[in-house]
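Let's take a walk through this one together, starting with a helix and working outwards to the charged side chains. Have the viewer open and click along as we go.

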Amino acid sequence: MEAGSERRRRRRRVGEDEGGGPDRISDLPDAVLGEIISLLPTKEGARTRILASRWRNLWRSAPLNLDCYDLTTSLGEVTDVVSRILSSHQGPGRCFRILRGFRPYEAATVDSWLQSPAVDNLQELRLSYTRNNQSQLPLLSESFLRFSTTLRVATIEHCHLLDSIVQGLQLPQLRQLTLSNVRISECSIPHVIAGCPVLECLMIIDSFSFRCLRINSISLRSIGVRAEYHEDELNFEELIIENAPCLEKLLHLCDGGALHVSVIFAPKLETMRCSSDPTKKISFGAMVIQGLRIDGLTTEVRTIKFLSVDMDKFCLDTIIGLMGCFPCLEKLYIQSSSSGGPKNLWLRKHKNFISCHDIRLKKIVFKTYRGTGSQVSFVTFFVLNARVLESMILQIEATNDKEEFLAEHRRKLQLENRASRGAQFQFTTDKCVRNVWSINDARDLDLADLFAC
């Protein structure tokens, strides 16, 4: 015993002599060290066993964070590694992410993993299979139900959710849910949402076997939807926000299918995305925005503050129309793949709008600015009329990142005559607007600014 104590004191003195200082971390209680280890990626967590004898058994008893994406080996090797980890770990489980690649006929392997004591009390689960075709989607395992009281984050991908499992599902702690490429019936999907009383973020990606989804939730803060057309299937065509008193973000993502979003009651809705795709519709009462065309009676939705617009061409008339619908906009993200467009002459055409509307924009981001006449006129409108503007970012191509181009366009855009004297203007080659294809999980909806990179 005395010899062991002397060795520990000697190691501590050696560490201090080398400038590393005393090892205070190892003096923390096992429970605290376990929490630290559980926050590390899978490989790094396992490697803590070699730090010192004090750490040797901590990883096996720490809450398990097992992410198959961290195991950079072949699929067959991943299967063996995961099975070994689960058989040797004492649990409980914190996070289990099963990577895409498992075929439906390997569902039994995944099911055995979900029954392992190592993932008891699991808080986060990502369950993903490889998609062959809709007819071969594996069934969601009944083992999923054993995490119903502890799950906080769930992503289910390429699965068939049977009515018999879903309709009795209760997930009292679930806050983030992603359903991606799942088959679920129209009578069952409302049960999923109703069974999650504290759900905050919901993402539905390319799922099918239901036509209409009605949202009635007092907890949801963010919703993202993308609808893909599935041949010979009942396709997702309509989303109705009936009663969502806490909803702040509604993201209508790119897709290959027609989707109509109707907002009936969402008094806190602040963040939206609009696209020029004519198959996309969003309505507020009698007002319908189809593509970027406004039909029906124009209704002012004064809660919207953050808007992303994906347009074919920079068209000022379109943006001014949207600003009329959303008069309290503070942040505007505009992206277009085309450098062409209308002349965007505005001095006379929009004289009444300028005199009657208070432009409240504080931040404007343009992607991609190439300096064409159409774009110069478009941007100049905001330079000379946005009186409370704080910043404007113009993403340019690398070939234009030259002082001659920048000086010329500072002059063309009349930055010296800007309406907001405190506004900052930045030309950058860095990506400044988030690609909607990178928003594919409910956790992405929890970002403070969905559209900024």
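Keep in mind that this is a predicted model. Start at helix α9, residues 316-325, which is mostly covered: eight of its 10 residues are buried. Those eight are Leu316, Thr318, Ile319, Ile320, Leu322, Met323, Gly324 and Cys325. What do the buried residues of α9 pack against? On the strand side you'll find β14 (287-290), β15 (293-295), β16 (306-311) and β17 (331-336), and among helices there are α10 (351-356) and α11 (373-385).

Zoom in on Ile319. Leaving out residues up to four places away in sequence, Ile319 touches Val309, Met311, Leu332, Ile334, Phe378 and Phe382. Ile319 is also one of the residues with the most contacts inside the largest nonpolar core, a set of 116 residues; Phe96, Ile215, Leu239, Phe326, Phe366 and Phe382 are the others named there. Apart from that core lies another one, of 17 residues, including Val365, Ile393, Ile439 and Leu445.

Now for the aromatics. Phe314, Trp346, Phe366, Phe378, Phe381 and Phe382 form one aromatic cluster, and a couple of these should ring a bell, since Phe378 and Phe382 both touch Ile319.

Next, swing over to helix α6, residues 107-114, where Val110, Trp113 and Leu114 are buried. They sit on the same side of α6, because they cover an arc of only 100° around the axis.

The whole structure has 12 aromatic pairs. In one of them, Phe96 and Trp113 meet in a tilted arrangement, with 6.1 Å from centre to centre and 50° between the planes. Phe96 belongs to strand β2 (residues 93-98) and Trp113 to helix α6, so this pair ties together parts that are 17 residues apart in sequence. Both Phe96 and Trp113 are buried. Tyr369 and Phe427 make another tilted pair, at 6.3 Å centre to centre and 55° between the planes. Here the parts tied together are 58 residues apart in sequence, because Tyr369 lies in the loop between β18 (363-367) and α11, while Phe427 is in strand β20 (residues 424-428). Tyr369 is buried at 1% relative accessible area, and Phe427, at 16%, counts as buried too.

On to the charges. Side chains of opposite charge can pair when their charged atoms come close. How many salt bridges does the structure hold? There are 25. Take Arg443 and Glu124, whose side chains meet at 2.4 Å, N to O. This pair links distant parts of the chain, with Arg443 in the segment after β20 and Glu124 in strand β3 (residues 124-128), 319 residues apart. Arg443 counts as partly exposed at 35% relative accessibility, whereas Glu124 is buried at 15%. Both belong to a network of salt bridges that also links Asp67, Arg97 and Asp441.

Two more bridges are worth a click. Glu233 pairs with Arg183, the closest N and O atoms being 2.8 Å apart. Glu233 is in the loop between β8 (222-226) and β9 (238-243), and Arg183 is in the loop between β5 (176-180) and α8 (189-194), 50 residues apart. Glu233 counts as partly exposed, at 22% relative accessibility, but Arg183 is buried, at 14%.

Finally, Asp206 forms a salt bridge with Arg226, with 3.5 Å between the closest N and O atoms. Buried or exposed? Asp206 is buried, with a relative accessible area of 7%, and Arg226 is buried as well, at 9%.

Technical notes. Residues are numbered from 1 along each chain as its sequence is written. This is a predicted model: local features need pLDDT of at least 70, side-chain atom pairs count only at pLDDT 80 or more; totals for chains, interfaces and linings use all residues. Side-chain values use heavy atoms; hydrogens and water are left out. A nonpolar core is a set of buried Ala, Val, Leu, Ile, Met, Phe, Trp, Tyr and Cys residues joined through side-chain atoms within 4.5 Å. Buried means under 20% relative accessible area, exposed over 50%, partly exposed in between (1.4 Å probe, protein chains only). Contact means heavy atoms within 4.5 Å. Helices (H or I, at least four residues) and strands (E, at least two) are DSSP runs, numbered from the N terminus. The arc is that of the directions from the helix axis to the C-beta atoms. Rings of Phe, Tyr and Trp (its six-membered ring) pair if their centres lie within 6.5 Å; planes under 30 degrees apart count as stacked, over 60 as edge-to-face and the rest as tilted. A salt bridge is a side-chain nitrogen of Lys or Arg within 4 Å of a carboxyl oxygen of Asp or Glu.
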